Amino acid sequence: MATIADVLNNSPGLQRRLFFLARRFVAGETVANAIDAVAALNAAGLSATVDFLGEDVHAESEAANATQTYLQMLDRMVAAGADCNISVKLSAIGQAFSEDAAFENLRRIIERARPSNTFIRLDMEGSRTVDSTYRILARARAIYEHVGPVVQAYLHRAATDVERCIGLGVRVRLCKGAYKEPPDIALQKMSDIRANYMALAQRLLTSGVYPGIATHDERLIQAVVKYTADHNIANDRFEFQMLYGVRARRQRALRAAGYRMRVYVPFGTHWAGYFYRRLSERRENLLLALRGIFGG
Ligand code: FDA
């Protein structure tokens with residue numbers, strides 16, 4: 001059965017008209033909106049990573065447009081002197097119809113990122129894309145050092161992927177995982193996911209690969225704060241990461257306490273899939289979205 005996100009994804013005009021629903025979690029519809037959001041974060045001492053919203057693109061022209069937007073974004077970021085990485089969903093630039101096409105588009109982004117050494121994060125999507133993402137990552141790493149994946153702690157394979165990344169010296173973003181996966185692929189219980197997250201975080205934190213600890217989960221944040229203090233891991237050897245519009249006060253408090261914080265800033269008109277995942281994660285996110293609509 002089609003979800004609301006599917007319906008919206010197939011109706012770009014409708015998504016544009018309903019953008020006000022998503023504005024709590026999405027910086028805006030244009031590159032200029034994203035640059036403004038990044039500037040405000042940077043002014044508060046927070047780093048950023050921008051994501052041009054879109055996923056599961058099946059037309060070559062759409063993948064080319066998304067790539068073009070990333071190129072524009074890179075030009076504007078460098079001109080503005082922004083402290084900002086980029087996050088790319090490979091399925092937005094061709095992976096859904098051709099791994100080679102996705103790599104070629106990524107190569108264009110890499111060439112534009114090269115003069116500024118901008119780091120490119122490959123977001124991790126549904127489990128069927130993981131092997132393909134690592135194959136594309138290996139091709140990208142052969143021509144550019146500043147690119148790395150996301151490991152989703154709910155996947156049974158996560159520990160193996162972490163070890164491989166550490167072996168290759170690749171910077172990893174660690175998150176819980178946002179897609180619906182069956183029990184043979186992924187842990188289902190939050191307590192198990194948390195335990196695996198923390199085990200992987202400890203492994204990454206002691207490995208020297210500068211992990212991104214991406215979570216809003218206070219228990220995990222406290223555990224990482226304690227672990228790094230107990231093991232004399234300096235604050236500049238890792239960073240916390242959170243999403244735009246989620247726990248903004250906590251983002252600033254962690255920064256004020258001396259931790260690095262990077263905020264993931266999505267922008268663009270194709271917000272349905274991203275917004276749907278945020279609503280599915282927490283009932284409070286629905287309340288936050290409603291408060292945004294009614295000006296609270
Ligand atoms: P979760 O939603 O599980 O909440 C757990 C606890 O966190 C709550 O009980 C509460 O204590 C606290 N909390 C959460 N939200 C709060 C709020 N608004 N206010 C107060 N307390 C709150 N996923 C993926 O599959 N691929 C990817 O590439 C990425 N990339 C990514 C980047 C970044 C920067 C982040 C932060 C996340 C991702 N994710 C992702 C999403 C990730 O997998 C996960 O779905 C969400 O982060 C939700 O899990 P959390 O651990 O953040 O908290």
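This text walks through the surroundings of a ligand and then through those of one residue, Thr118. The model is predicted.

Start with the ligand. It is surrounded by 26 residues. Met124, Lys176, Gly177, Thr215 and Glu281 are the closest. By type, the shell holds eleven nonpolar, six polar and nine charged residues.

Now look at single atoms. Thr215 places a polar side-chain atom 2.6 Å from an oxygen atom of the ligand. The side chain of His216 has an N or O atom 2.8 Å from a ligand oxygen atom. At Met124 the backbone takes part: one of its polar atoms is 2.8 Å from a nitrogen atom of the ligand. On its own, the ligand would expose 940 Å². The protein buries 85% of that area.

Which elements give two or more residues to the shell around the ligand? They are strand S4 (147–152), strand S5 (173–175), strand S7 (239–243) and helix H12 (272–281). S7 gives the largest share, with three residues.

Turn next to Thr118. This residue sits in the loop between helix H6 (99–113) and strand S3 (120–122). Is Thr118 buried or exposed? Its relative accessible area is 7%. Buried means under 20%, so Thr118 counts as buried.

What does Thr118 touch? Its side chain makes a polar contact of 2.7 Å with the side chain of Ser116. Beyond its neighbours within four places in sequence, Thr118 is in contact with Leu74, Met77, Cys84, Asn85 and Ile86. Ala113, Tyr144 and His146 are also in contact with Thr118.

Key: Residues numbered from 1 in each chain as written. Predicted model: local features only at pLDDT ≥ 70, side-chain atom pairs only at ≥ 80, totals over all residues. Heavy atoms only, no water. Near = heavy atom within 4 Å. Polar contact = N/O pair within 3.5 Å; in protein donor to acceptor, adjacent residues only side chain to side chain. Areas by Shrake-Rupley, 256 points an atom, 1.4 Å probe, with all protein chains shown as cover. Helix = DSSP H or I, 4+ residues; strand = E, 2+ residues; numbered from the N terminus. Nonpolar A, V, L, I, M, F, W, Y, C, P; charged D, E, K, R; others polar. Buried < 20%, exposed > 50% of the residue type's maximum accessible area, 1.4 Å probe, protein only. Contact = heavy atoms within 4.5 Å.
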